[in-house]
Amino acid sequence: MKLSIIIPVYNVEKYIDRTLSSCLAQSGANAEYTALPNAEYEVIVVNDGTPDRSMDIVSRYAANHPNLLVINQENRGLSAARNTGLRAASGEYVWFVDSDDWVSADALAKVYPYLDGENDEVVFGATNVTDDGKQELSIVNSFPRHHQKKYSGAECWRMGLQQISASVFAIYRKEFLMSHGLLFKEGFIHEDVEFCPKASYLSRKTVFLKDSLYFVRQNPASLTRSVNPKGSYDYIKLCHYLKSFLENEVVEPDIQRIFHRLISLEINESFRQIMKCDKEEIDRFNQFCRQHQKKIFASLWRSRQPKNMLEWGLFLFTSRFANVYQFLVKLKPKK
């Protein structure tokens with residue numbers, strides 16, 4: 001079997017019908033591409049203890065699609081559900097699809113030629129759409145200049161192609177993930193922050209496609225788009241894993257610097273999100289950050305970017321870290 005599509009399900013009865021129909025009704029209508037036969041792919045739905053009627057909809061699909069596998073587990077979060085699906089996957093390749101998104105009608109036909117056992121990653125474009133699923137907002141991760149080109153992980157980082165913002169924008173060779181222990185950190189929000197950079201760097205061969213094959217529903221109620229202070233704490237914790245990976249795996253000085261820049265970006269994203277919370281939560285977050293000042297915040301200096309280095313310098317005189325971020329944002333010239 002070539003491909004396993006892994007779909008964690010939790011509280012998505014409003015959306016799961018479209019997600020499943022898009023994955024199970026692949027037309028391959030474009031004669032330029034060879035359709036992927038049903039026997040060559042499976043859809044794995046991981047029921048993460050959903051309390052709503054999502055699984056009633058899934059059951060209707062399962063009754064008519066023998067290539068749909070359902071796994072039930074107690075609620076453990078998105079990362080754990082993805083890991084469950086990954087371990088159960090029979091496909092040579094895996095695609096993590098979120099249950100409020102969907103894929104294009106000929107997505108599998110277009111990626112099929114690249115599931116050749118050599119590519120560790122197949123990366124493609126995606127489109128943001130409004131919550132009603134009708135209006136297109138923007139194209140993300142488009143690679144017209146790199147269409148059908150293949151690069152090593154190090155080459156991707158040097159060309160600025162490493163920042164795949166979400167794991168759903170790539171298909172991964174399962175053995176590649178398993179041999180490197182590339183699982184999603186469980187219990188965290190924004191788990192892709194840690195997973196995607198590591199997978200990108202370790203890939204022996206990544207192929208890029210210009211096609212927009214994935215549709216991201218901008219659902220304001222989703223966990224990653226709602227105001228949740230846990231996300232800020234998790235950004236800092238996940239930076240620890242990235243820093244450990246950097247120290248143990250990344251040997252090229254120029255790529256080490258890019259990793260420090262990525263960690264700096266995630267640090268600042270944690271500040272941006274916590275500033276949406278009340279003063280008491282911001283104060284708690286500043287106290288939390290004191291524990292990580294030397295280990296993680298040093299990446300701000302090592303990034304060699306002036307703004308980050310200034311931020312690090314100001315941190316030497318105050319531990320009101322999030323407030324320093326807000327101060328620097330206000331100083332930034334408006335375009």
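**Close-up 1. Helices α10 and α13 cross in the predicted model.** Helix α10 covers residues 279–290, and helix α13 covers residues 321–331. Their axes come within 7 Å. The crossing angle is roughly 110°. Angles of 65 to 115 degrees count as roughly perpendicular, and α10 and α13 are therefore roughly perpendicular to each other. From α10, the contact takes in Ile 282, Asn 286, Cys 289 and Arg 290. From α13, Phe 321, Ala 322 and Asn 323 meet them. By type, the residues of this contact divide into four nonpolar, two polar and one charged.

**Close-up 2. Strand β10 and its pairing partners.** Strand β10 spans residues 206–217. Of its 12 residues, 10 are buried, so the strand is largely enclosed by the rest of the structure. Strand β6, residues 121–129, pairs with β10 in the parallel sense. Eight bridges make up that pairing. Glu 121 stands opposite Thr 206 of β10. Strand β5, residues 102–103, runs antiparallel to β10 and is joined to it by two bridges. Here Val 103 stands opposite Tyr 214 of β10. Strand β8, residues 150–151, is also antiparallel to β10, again with two bridges. Tyr 151 has Thr 206 in β10 as its bridge partner. Thr 206 thus appears opposite Glu 121 and as the partner of Tyr 151.

**Close-up 3. The surroundings of Val 94 in strand β4.** Val 94 sits in β4, residues 93–96. Its relative accessibility is 0%, so Val 94 counts as buried. Neighbours within four places in sequence are left aside in the contacts that follow. Val 94 touches Leu 3, Ser 4 and Ile 6. Leu 86 and Ala 89 are also in contact with Val 94. Further contacts of Val 94 are Ile 171, Tyr 172, Lys 174 and Leu 177. Val 94 and Ala 170 are 76 residues apart in sequence. In space, their C-alpha atoms are 9.0 Å apart.

**Close-up 4. The aromatic pair of Phe 96 and Tyr 172.** The structure holds 26 aromatic pairs. One of them joins Phe 96 and Tyr 172, with ring centres 6.5 Å apart. The planes are at 50°, and the pair is tilted. Phe 96 belongs to strand β4 and Tyr 172 to strand β9, residues 170–173, so the pair ties together parts 76 residues apart in sequence. Phe 96 is buried, with a relative accessible area of 0%. Tyr 172 is buried too, at 0% relative accessibility.

**Close-up 5. The aromatic pair of Tyr 201 and Phe 245.** The ring centres of Tyr 201 and Phe 245 are 5.9 Å apart. Their planes stand at 85°, so the pair is edge-to-face. Tyr 201 lies in helix α7, residues 192–202. Phe 245 lies in helix α8, residues 229–249. The pair therefore ties together parts that are 44 residues apart in sequence. Both Tyr 201 and Phe 245 are buried.

**Close-up 6. A cluster of aromatic rings.** Ring pairs link Tyr 233, Phe 271, Phe 285 and Phe 288 with Phe 297, Phe 315, Phe 321 and Tyr 325 in one cluster. Phe 321 of this cluster also takes part in the contact between α10 and α13.

Definitions and conventions:
Residues are numbered from 1 along each chain as its sequence is written. This is a predicted model: local features need pLDDT of at least 70, side-chain atom pairs count only at pLDDT 80 or more; totals for chains, interfaces and linings use all residues. Side-chain values use heavy atoms; hydrogens and water are left out. Buried means under 20% relative accessible area, exposed over 50%, partly exposed in between (1.4 Å probe, protein chains only). Helices (H or I, at least four residues) and strands (E, at least two) are DSSP runs, numbered from the N terminus. Two strands pair if DSSP finds at least two bridges between them. Axes are lines fitted to C-alpha atoms, for helices over the stretch in contact, and angles run from 0 to 180 degrees between N-to-C directions. Angles under 35 degrees count as roughly parallel, over 145 as roughly antiparallel, 65 to 115 as roughly perpendicular and the rest as oblique. Contact means heavy atoms within 4.5 Å. Ala, Val, Leu, Ile, Met, Phe, Trp, Tyr, Cys and Pro count as nonpolar, Asp, Glu, Lys and Arg as charged, and the others, Gly among them, as polar. Rings of Phe, Tyr and Trp (its six-membered ring) pair if their centres lie within 6.5 Å; planes under 30 degrees apart count as stacked, over 60 as edge-to-face and the rest as tilted.
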